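Reader: I would like to go through this structure slowly, asking at each step what a term rests on. Could you take me from the contact between the chains to single residues?

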Amino acid sequence: MTGRAVAPATATGLAVVVIALLLLPQVATDFFVQFVMTRVLMLGVVAATIVFLAKLGGMISLGQLLSFGIAGFMYGNASLSEGARGLNLGWNPYASIAFALAVATVVALLLGALASRTEGIYFLMLTLVYGVIGYFVFSQIVTISGPGGVTRIGAPSLFASPLRLYHAGVVLSALTYLGFKLLGRTNFGLALQGVRDDPVRMASLGFNVPLHRTLAFGLGGFVAGLAGLLNVWWNGQIDPASVNIGPTLDVLIIAVVGGISYFEGAWLGALVFVAANTYLRALPLVDRIGITEDRFNTLIGALVLLIMVLNPEGLTGLVDRARRVRRPRPAEPAAAAVASQPSVQSALPAQPARTAGTGDSSPANETKGTVL
Amino acid sequence: MSTEGEQEAGSIGTAAPAAAPSVRRKPAVLALWVGLALVAVWILFLSRGTPAGPAIAQPGKFLVTVLDGVTFAGLLFVVASGFTLIFGLMRTVNMAHGSLFLLAGFIAIRIQQAMVGKTRNIGAEDVTILDWVVPLLAGAAIAALVGVVVQQVFLRWNQGQELRQALITLAISVILADQMLREFGGLALTMVWPGEVTHFIEIFGQRYATSRFFMLGVALVVGLLLWLWLARTRMGMVIRAGVDDEEMVRALGINISLVFAITFFVGAFLAGMGGAMGASFAGVATGADGQWLLHSLVVVIIGGMGSLKGAVAGSLMYGMVIAFSPAYLPSQYTFYAVIITFVLLALVLAVRPYGLFGRAA
């Protein structure tokens, strides 16, 4: 393990992207920066938590938008003093931030603990149920929200202007990206990948498998909560419909479109999603073939279907593959040594579905280190 | 789709030791029973100030709540059994199950409107039993055909890649939802029960709709047929064998691909039947697909994926919780009813991570 924590190329690339993003407001329109890109960055962070749980922990979570929403609702409840709905606690904005993040994290830890003994498809379904129940909690319990949501939520003075929010989004995205990348190399990150690849073996080695999963889910909830705060400041309000099953699936779609085993893919997917959502209606001729903005979901569904059928590694996977073809056999000793990137090779192998239950840990497990 | 033998094997041999402790956790089980006893005491004696009132004082309300729970459980079972049937054999989580429910509901409504000859203000007296059964079967058959096409085109060649299949069906559900919104609009539509079953009876002074009993009857017939099919026919035997060891079944020269297609047909048919029944029971609208996917998921997570017994148990428990929590929570707190669903889920998962009758994949 003498390799650097982050490959120099990655660090340079990240620095270039961050600088470009910070300079973007100089060249692009306000609409593009404040409406399109801020959303891309926020959704990218949420999608990145999905990628984190999937890539390092082998858990496909549909509960991330719930944490995003919880943070928003809790901030609104805590910071407002005379809103139309909610608890109206009237706290200092920074106390409200701490409160919102604490609630989002604690709820994620509890839900994670409950789901920590399931894996694979069960985990996916259980977290989907979390998301939908969360929607009903906020839409039915009128003391904290009710169907109309919490409105007229102001941002703390530090984040009051749209441009500040954009910058906060850039910083949060960079930290999230870097943090998750670095986490993969820590003891916790390595153990988490061990849990992903072979929970039985890790348990025999004395690792607490459910605890690792729970902590990872809690961390995912915390980061998603950070994005949720930005979202509620950006939006000025939050309603239960924004955490309903549709948006919940949208976030997973973003992660899948971008490539669920690539952190970069989270933001790429978000860019594609938001750009399609924003600009599709402006394209000429699109409505002639029956695809108007109203049919946006059909288009996005078809896109996901196409990606899942053709290349489950998503757009980033396509780029990665193209790069490999052009530059065969790239030297990647560090990655191979740490074995932290097996998922790059194949995101969706045929799992040894039923035979795995017989208890023999087949050698296939060595290469099984994958997300899906 | 569990048989006794499979249960034994499931709890002894195949459970992963780390993820699913096969030893029952005594304190958790004890806590569960104590909790249930407290709930029973609350419902029987203490629940003053709730919409229903203590069962001792208001036996009629209690009985009606039980009937509500059981009859709704019937509908839950029809839908969830299709979901669990598909999962049990193929390990495919059909995220489009709710979409098939909604599709069949809409189509059945259209067919019923065509058969009755009017599109609005259809009264129960206009609808004969045939005007209900034919739309039900036609809607379910169309849902089943859509299901089979999806299975043949998108799921047949990636068998065993559970999460890829889940995402593919998810994408299909997004497309179907959008296209149904285009075709049928966003307003709630209702199918009409046949006049023969639309009456009210008196139970301890409470009026009760007989159509709910009819719905339960249909569900019981479906359950019985499903059980006969799985337990008493050669095809059912093959399916049960396929659940336990697909490779072995294949090696014995059985055309498992055909069995897969038939199972998917039946599973989607059940979703469709549920859709037509649900459209008669409470109407259907955009969003019902997600809701019924949730219902199916909750039922099978409680009961255990792939287990028919589990679907029965899960439907009953979930149906009871849905019926009882708004009736027996204090009146000013009835909106917390949704939390009770979650508590049920959490309790079951704390004791059995793979559901009551489930086993680790």
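**From interface to residue**

Author: In this predicted model, 6 residue pairs between chain B and chain A are in polar contact, both residues being at pLDDT 80 or more. The elements that give two or more residues to the side of chain B that touches chain A are α3 (59–90), α6 (162–184), α8 (234–244), α11 (288–303) and α13 (337–351) of chain B. Of the elements on that side, α6(B) gives the most, with 15 residues.

Reader: How many residues does each chain bring to the contact, and how much area is buried between chain B and chain A?

Author: Chain B contributes 58 residues and chain A 53 residues, and the area buried between them is about 4,900 Å², with 74% of that area given by carbon and sulfur atoms. On the side of chain B that touches chain A, the classes divide into 42 nonpolar, 7 polar and 9 charged residues. Across this interface the rule finds 0 salt bridges, while the structure holds 11 salt bridges over all chains.

Reader: What makes the pair A:R213 and A:E119 a salt bridge?

Author: The N to O distance between the side chains of A:R213 and A:E119 is 2.7 Å, and the cut-off for a side-chain nitrogen of Arg and a carboxyl oxygen of Glu is within 4 Å, so a pair of this kind at that distance is called a salt bridge. The pair links distant parts of the chain, with A:R213 in helix α9 (residues 209–235) of chain A and A:E119 in the loop between α4 and α5 (121–140) of chain A, 94 residues apart.

Reader: Why is A:R213 called buried, and what is A:E119 called?

Author: A:R213 has a relative accessible area of 4%, and buried means under 20%, so A:R213 is buried. A:E119, with a relative accessible area of 32%, lies between the cut-offs of 20% and 50% and is therefore partly exposed.

Reader: How do you know that A:D198 and A:R201 form a salt bridge, and which class does each residue fall into?

Author: Their closest N and O atoms are 3.4 Å apart, and the limit is within 4 Å, so the pair meets the rule. A:D198 counts as buried at 11% relative accessibility, whereas A:R201 is partly exposed, with a relative accessible area of 37%.

Reader: Where do B:E246 and B:R250 sit with respect to one another?

Author: B:E246 and B:R250 are 4 residues apart in helix α9 (residues 246–251) of chain B, which means that they are separated by about one helical turn. Their side chains meet in a salt bridge (2.7 Å, N to O). B:E246 is buried, with a relative accessible area of 11%, and B:R250 is partly exposed, with a relative accessible area of 38%. Elsewhere, salt bridges that share partners join A:D320, A:R323 and A:R324 into one network.

Reader: Why is B:F204 called exposed, and what is its phi?

Author: Its relative accessibility is 61%, and exposed means over 50%, so B:F204 counts as exposed. B:F204 has a positive phi of about 50 degrees although it is not a glycine, and it lies in the loop between β1 (200–203) and β2 (206–209) of chain B.

Reader: Which class does A:N88 fall into, and on what value?

Author: A:N88 stands at 22% relative accessibility, between the cut-offs of 20% and 50%, and therefore counts as partly exposed. A:N88 has a positive phi of about 55 degrees, although it is not a glycine, and lies in the loop between α3 (64–79) and α4 (93–115) of chain A.

How values were computed. Residues are numbered from 1 along each chain as its sequence is written. Chains are lettered from A and ligands numbered from 1 in the order in which they are written. This is a predicted model: local features need pLDDT of at least 70, side-chain atom pairs count only at pLDDT 80 or more; totals for chains, interfaces and linings use all residues. Side-chain values use heavy atoms; hydrogens and water are left out. Contact means heavy atoms within 4.5 Å. Buried area is the accessible area (1.4 Å probe) that two parts lose on being put together, summed over both. A polar contact is a pair of N or O atoms within 3.5 Å; within protein, one must be able to donate a hydrogen and the other to accept it, and residues adjacent in sequence count only if both atoms are side-chain atoms. Ala, Val, Leu, Ile, Met, Phe, Trp, Tyr, Cys and Pro count as nonpolar, Asp, Glu, Lys and Arg as charged, and the others, Gly among them, as polar. Buried means under 20% relative accessible area, exposed over 50%, partly exposed in between (1.4 Å probe, protein chains only).
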